[in-house]
Every structure is written in C-alpha cells, then in structure tokens.
Amino acid sequence: MVFSRCIVAGGHGAEVSLLGPLCVTPIRQKSGIGSALVREGLAREKADGSSACVVLGDPGYYGRFGFEAGHRITPPYPLPAGWSAAWQGLSLQGADNVPDGQLEVPWPWRQEAYWSA
Ligand SMILES: CC(C)(COP(=O)(O)OP(=O)(O)OC[C@H]1O[C@@H](n2cnc3c(N)ncnc32)[C@H](O)[C@@H]1OP(=O)(O)O)[C@@H](O)C(=O)NCCC(=O)NCCS
C-alpha cells in the first residue's frame, strides 16, 4: 500500500494524499488485511496533516471507508468515460478544509496511461 503526498492547483499548498496501489497477496485476501492497512494508513495521513485522501478504485471496496465520488478535487488527467464513480475522495480534516482544484501528482504518477487503462 502506498500513499503519495500531493498538492492541489490553487489549493494554497494544502496537502492531499493519493492512495494506491493497494494489494494483498491472494492467499491472504479476505482476512481483513486490506481494511486494516487502509484504516491505519488513513489515520496516519490525518495525523500528519493531510487534508483529504483521494483514490481511483472500485467504489464497492473503498466506499466502506467513507470514500465518495463527486468531491471537489479533480484528477490529474481526464479519466475515461464511465470512470467517474471510481474517482473518490474522503476528507480527513473536515469537509471545509478540502481544497478545490486539480490534483498535482509527484513525477512517478505523471503518465497519462496510468489514468486510462
Ligand atoms: C482489494 C484488496 C486489497 C482487498 O484486500 P483484502 O485484505 O482482501 O480486504 P479485506 O479482507 O479487508 O476485505 C475483504 C472484503 O472486500 C471485498 N472486496 C475485495 N475486492 C473488492 C472489490 N474490488 N470490490 C468490492 N469489494 C471487494 C471482499 O469481497 C470482502 O468483502 P466482505 O468483507 O463482504 O467479505 C485485495 O483484494 C487485492 O489485493 N486485490 C487485488 C488488487 C486490487 O484490486 N487492488 C485494489 C485496486 S483499486
């Protein structure tokens, strides 16, 4: 599991966490490891001052942690049609502190193909 610290264009330097990739080895799946990793990771990102966490993933999984589509942070690249429900966010310091704008990702994530396949 990886959290990458990002900023939001026009967000006055507010930091946001990008969650992913997240993976549990197949023989250990469905034993609570993924949920424990996400919950502990979110708690650490919150304690470190991140204003929100965003993820591109299955809403059927991330919804259980409170992630929702339709938040104010837009993805760094246009997503394919039909993926809007997969782009989800969760406020960590209160909804009023979530910046409004486009996510600026660190260089490893600046490859448009990662956001379209
Ligand atoms: C997704 C993943 C990290 C979950 O890890 P895990 O340790 O198995 O998760 P947990 O044990 O905490 O939770 C298992 C629950 O999540 C559900 N789940 C797993 N993947 C899901 C998905 N893509 N959509 C909806 N639910 C999913 C399981 O059905 C199970 O449901 P239940 O609690 O009702 O039985 C793991 O399945 C995985 O590594 N998958 C392959 C990589 C991947 O898809 N990563 C996410 C990319 S967005």
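**Figure 1. Ala 36 in helix H1: this residue is partly exposed, with a relative accessible area of 45%.** In the terms used here, buried means under 20% relative accessible area, exposed means over 50%, and partly exposed lies in between (1.4 Å probe, protein chains only). Welcome to a predicted model, in which local features need pLDDT of at least 70 and side-chain atom pairs count only at pLDDT 80 or more, while totals for chains, interfaces and linings use all residues. Residues are numbered from 1 along each chain as its sequence is written, and side-chain values use heavy atoms, with hydrogens and water left out. Ala 36 has its place in helix H1. Helices (H or I, at least four residues) and strands (E, at least two) are DSSP runs, numbered from the N terminus. To place Ala 36 in space, look for Phe 3: the two are 33 residues apart in sequence, and their C-alpha atoms are 14 Å apart.

**Figure 2. Seven strands form an open sheet with mixed pairing.** Following the sheet across, the order is S4-S6-S3-S2-S1-S7-S5. Its edge strands are S4 (68-69) and S5 (73-74), each of which pairs on one side only. Two strands count as paired if DSSP finds at least two bridges between them. Strands of a sheet pair through backbone hydrogen bonds, either parallel or antiparallel.

**Figure 3. Strand S3 (residues 52-56) is mostly covered, with 4 of its 5 residues buried.** One partner is strand S2 (residues 15-19), which pairs with S3 in the parallel sense over 4 bridges. Here Ser 17 stands opposite Cys 53 of S3. Another partner is strand S6 (residues 87-91), which runs antiparallel to S3 and is joined to it by 5 bridges. At that border, Leu 56 has Trp 87 of S6 as its bridge partner. Helix H1 (residues 33-47) joins the picture too: S2, H1 and S3 make a right-handed β-α-β unit. A crossover is right-handed if, with the strands pointing away from the viewer, the path from the first strand over the helix to the second runs clockwise.

**Figure 4. Ser 4 sits in strand S1 (residues 3-8).** Is Ser 4 buried or exposed? At 11% relative accessibility, Ser 4 counts as buried. Its strand, S1, runs antiparallel to S2, and 5 bridges join the two. Across that border, Ser 4 stands opposite Leu 18 in S2. The side chain of Ser 4 also makes a polar contact of 3.1 Å with the side chain of Trp 109. A polar contact is a pair of N or O atoms within 3.5 Å; within protein, one must be able to donate a hydrogen and the other to accept it, and residues adjacent in sequence count only if both atoms are side-chain atoms.

**Figure 5. The ligand is surrounded by 16 residues.** The closest of them are Val 24, Lys 30, Gly 32, Gly 34 and Ser 35. A residue counts as near a molecule if one of its heavy atoms lies within 4 Å of it. Which atoms of the ligand lie 2.8 Å and 3.2 Å from the protein backbone? A nitrogen atom of the ligand is 2.8 Å from a backbone N or O atom of Leu 22, and an oxygen atom of the ligand is 3.2 Å from a backbone N or O atom of Ser 31. The side chain of Asp 58 also takes part, with an N or O atom 3.0 Å from a nitrogen atom of the ligand. Taken alone, the ligand exposes 890 Å², and the protein buries 62% of that. Accessible areas come from the Shrake-Rupley method with a 1.4 Å probe; for residues, only the protein chains shown count as cover.

**Figure 6. Pro 59 lies in helix H2 (residues 59-62).** At 37% relative accessibility, Pro 59 counts as partly exposed. Pro 59 and Ala 69 are 10 residues apart in sequence, and 8.2 Å apart in space from C-alpha to C-alpha.

**Figure 7. Aromatic rings meet in 8 pairs.** Tyr 61 and Phe 65 form one edge-to-face pair, 5.4 Å centre to centre with 75 degrees between the planes. Tyr 61 is partly exposed at 25% relative accessible area, whereas Phe 65 is buried at 11%. Tyr 62 and Phe 67 have ring centres 5.9 Å apart and planes at 80 degrees, so this pair is edge-to-face. Both partners are buried: Tyr 62 at 9% relative accessibility and Phe 67 at 4%. Rings of Phe, Tyr and Trp (its six-membered ring) pair if their centres lie within 6.5 Å; planes under 30 degrees apart count as stacked, over 60 as edge-to-face and the rest as tilted. Elsewhere, ring pairs link Tyr 77, Trp 87, Trp 109, Tyr 114 and Trp 115 into a cluster.
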